[in-house]
Amino acid sequence: PARLARLPLARVKALVKADPDVTLASQEAVFVLARATELFVETIAKDAYVYAQQGKRKTLQRKDLDNAIEAIDEFAFLE
């Protein structure tokens with residue numbers, strides 16, 4: 001059976017616990033954070049790939065991510 005989350009949940013939980021403001025993190029919360037991270041990375045990678053294709057490349061570069069962040073309003077918090 002396929003895993004529901006591709007990121008290692010133990011690593012995500014360790015990152016969550018590294019925040020001094022977090023005292024407890026349920027398995028469900030860790031799973032939701034992992035899944036949301038996966039969806040975010042997938043979305044930004046797809047949008048950046050459009051810019052790589054415009055440059056006639058198949059490999060993403062930092063400038064492709066920068067272009068996606070600048071052009072798409074949902075990524076404005078990354079600027």
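Over residues 5-69 the chain is 69% helix and 0% strand, and the C-alpha atoms at the two ends sit 25 Å apart. Helices here are DSSP runs (H or I, at least four residues), strands are runs of E (at least two), and both are numbered from the N terminus. The unreviewed UniProt entry annotates residues 5-69 as "domain: Transcription factor CBF/NF-Y/archaeal histone"; such annotations may be inferred rather than shown by experiment.

Keep in mind that this is a predicted model, where local features need pLDDT of at least 70, side-chain atom pairs count only at pLDDT 80 or more, and totals for chains, interfaces and linings use all residues. Residues are numbered from 1 along each chain as its sequence is written, and side-chain values use heavy atoms, with hydrogens and water left out.

Now for the inside. A5, V12, V16, A25, V30 and A34 form the largest nonpolar core, meaning buried residues (under 20% relative accessible area) of the Ala, Val, Leu, Ile, Met, Phe, Trp, Tyr and Cys kinds, joined through side-chain atoms within 4.5 Å. Helix 1 (9-17) and helix 2 (27-54) each supply at least two residues of this core. In soluble globular proteins, nonpolar side chains tend to be buried together.

What about the outside? Two exposed residues (over 50% relative accessible area, 1.4 Å probe, protein chains only) are shown here:

| Residue | Place | Relative accessible area |
|---|---|---|
| R6 | before helix 1 | 62% |
| F77 | after helix 3 (62-71) | 58% |

R6 also lies 8.0 Å from A34, C-alpha to C-alpha, though they are 28 residues apart along the chain.
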